[in-house]
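User: Please take a close look at one part of this model and describe how its inward side is packed. I would welcome one connected account that then follows the packing into the surroundings and ends with some individual positions.

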Amino acid sequence: MKSYRVAILGATGAVGQEMLRVLEQRNFPVETLLPLASSRSAGAAVTFRGQQIPVVETCESAFAGVDIVLGAAENAVALAWAPAIARAGAVFIDNSSAFRMDPQVPLVVAEVNPEDIQGHKGIISNPNCTTIITLTAVHALNAISPIRNMVVSSYQAVSGAGAGGPVELLAQTEALSKGQDYPPKVFSYPIAYNVIPQIGSEQEYGYTSEEMKLHYEGRKILHRPDLAVSCTCVRVPVLRSHSVSVRLGFDHPVSVAQARAAIENAPGCKLVDDLQAQQYPMPLDTSGQDLVYVGRIRQDIVDGCCLNLWCCGDQLRKGAATNAVQIAELLVG
Ligand SMILES: NC(=O)c1ccc[n+]([C@@H]2O[C@H](COP(=O)([O-])OP(=O)(O)OC[C@H]3O[C@@H](n4cnc5c(N)ncnc54)[C@H](OP(=O)(O)O)[C@@H]3O)[C@@H](O)[C@H]2O)c1
């Protein structure tokens with residue numbers, strides 16, 4: 001079996017660390033693993049397959065001989081190094097939003113539109129984490145009856161803001177519980193004992209950049225330029241796994257039984273839906289694994305052509321690292 005030289009751009013961050021685990025757990029055929037980060041990580045090492053591998057400061061020559069670069073850094077870093085990655089002849093599977101809406105760049109959820117990686121020109125984008133989790137959950141329902149629109153509220157974990165998010169939540173919770181002050185640094189307001197109804201910057205119509213990602217990326221992934229998505233994204237004091245409340249408007253009514261059967265058979269999904277038994281998706285249950293849990297499926301009381309559901313997924317795994325490695329598997333497979 002052929003094996004590949006894989007670099008992780010941002011190997012010391014929240015997504016990069018998860019990529020190391022996912023590559024190992026899925027037994028991706030890695031010949032050599034190159035962890036790249038900034039000068040801040042000089043002297044650091046990452047663990048891969050039981051070995052300590054020194055982190056390398058990112059530079060043009062680092063990409064020489066690399067086959068696949070998994071991007072786990074912010075937009076500016078992805079934009080800065082994409083030309084060097086292309087010159088080295090490597091394929092760049094990027095988690096930032098820098099290239100997602102570029103018509104030349106496939107935007108892929110492995111269970112939804114794997115065929116889109118064909119014809120890539122060196123860059124394949126991983127969608128936004130809330131977008132991946134939501135579309136993995138609703139894709140099977142779209143096959144029963146086309147989804148006209150979605151009204152979404154997300155409850156997003158602090159690790160979605162990077163490795164600094166959980167550090168701030170834990171330290172701030174402890175400080176505030178002792179009556180001490182803990183000024184926020186990662187978030188704009190205290191996240192301990194709070195929820196913050198803004199993720200990203202202000203964009204059109206009073207929505208934020210995070211909210212518009214689901215709107216635009218959903219259209220591209222589902223090949224549905226007419227899809228309308230109205231989203232409210234909220235940061236909550238949860239360490240890991242995003243939760244999403246979705247109201248789906250269909251062309252034709254879809255019954256709860258039909259929806260449950262479809263979710264039960266949908267790749268990447270697990271049906272957890274028994275209100276009487278108090279069984280529903282929750283972030284503590286979905287953390288550290290790859291399935292998107294779907295439950296609370298019910299007909300909408302206002303509009304019979306709509307269904308409501310609640311889904312949870314680990315945004316560092318299926319929402320980032322796992323989907324990126326699945327794309328790499330599609331690429332080499
Ligand atoms: N967190 C999530 O749940 C999530 C989900 C989906 C997508 N994403 C996206 O994935 C990307 C990474 O997010 P994250 O949460 O993992 O962030 P993070 O924890 O802050 O990690 C950022 C990584 O980028 C590296 N980096 C920063 N500046 C660099 C530079 N100039 N050159 C090379 N490397 C540099 C950092 O290295 P140092 O340690 O040396 O600073 C670190 O390894 C972002 O684009 C984010 O939007 C995140």
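Analyst: The buried residues of α6 pack against α3, β12 (269–271), β13 and β14. Buried here stands for under 20% relative accessible area, exposed for over 50% and partly exposed for in between, with a 1.4 Å probe and protein chains only; packing rests on contact, that is, heavy atoms within 4.5 Å. Helices (H or I, at least four residues) and strands (E, at least two) are DSSP runs numbered from the N terminus. The model is predicted, with pLDDT of at least 70 needed for local features and 80 or more for side-chain atom pairs, while totals for chains, interfaces and linings use all residues. Numbering starts from 1 along each chain as its sequence is written, and side-chain values use heavy atoms, without hydrogens and water.

Which residues of α6 are buried? They are Val256, Ala259, Ala262 and Ile263. These four lie on the same side of α6, because they cover an arc of only 130° around the axis, as given by the directions from the helix axis to the C-beta atoms. On the face turned away from this buried side, α6 carries the exposed residues Ala257, Glu264 and Asn265. The helix thus presents one side to α3, β12, β13 and β14 through its buried residues, and a face with exposed residues away from that side.

The surroundings of α6 lead to the largest nonpolar core, which has 38 residues. Such a core is a set of buried Ala, Val, Leu, Ile, Met, Phe, Trp, Tyr and Cys residues joined through side-chain atoms within 4.5 Å. Within this core, Val138, Met150, Leu248, Val294 and Leu309 touch the most other members. At least two core residues come from each of the helices α3 (129–144), α5 (209–222) and α6 (256–265), and likewise from each of the strands β9 (147–156), β10 (228–235), β11 (242–250), β13 (292–299) and β14 (306–313). The most is given by α3, which contributes seven residues.

Val138 shows how these parts meet. When neighbours within four places in sequence are set aside, Val138 is in contact with Ile147, Met150, Val246, Leu248 and Leu309. Another core lies apart from the largest one; it has 33 residues, among them Tyr4, Val55, Ala324 and Ile327.

Three individual positions complete the picture. Ser154 is a residue of strand β9, and with a relative accessible area of 0% it counts as buried. Apart from neighbours within four places in sequence, the contacts of Ser154 are Thr130, Thr232, Cys233, Val234, Ser243 and Val244.

Gln278 belongs to the loop between β12 and α7 (283–286). Is Gln278 buried or exposed? Its relative accessible area of 59% makes Gln278 exposed. Gln278 can also be placed relative to Ala262, one of the buried residues of α6: the two are 16 residues apart along the chain, and their C-alpha atoms are separated by 21 Å.

Pro83, in turn, is found in helix α2 and is partly exposed, with a relative accessible area of 38%. Between Pro83 and Glu60 there is a sequence separation of 23 residues, and the distance in space is 9.2 Å from C-alpha to C-alpha.
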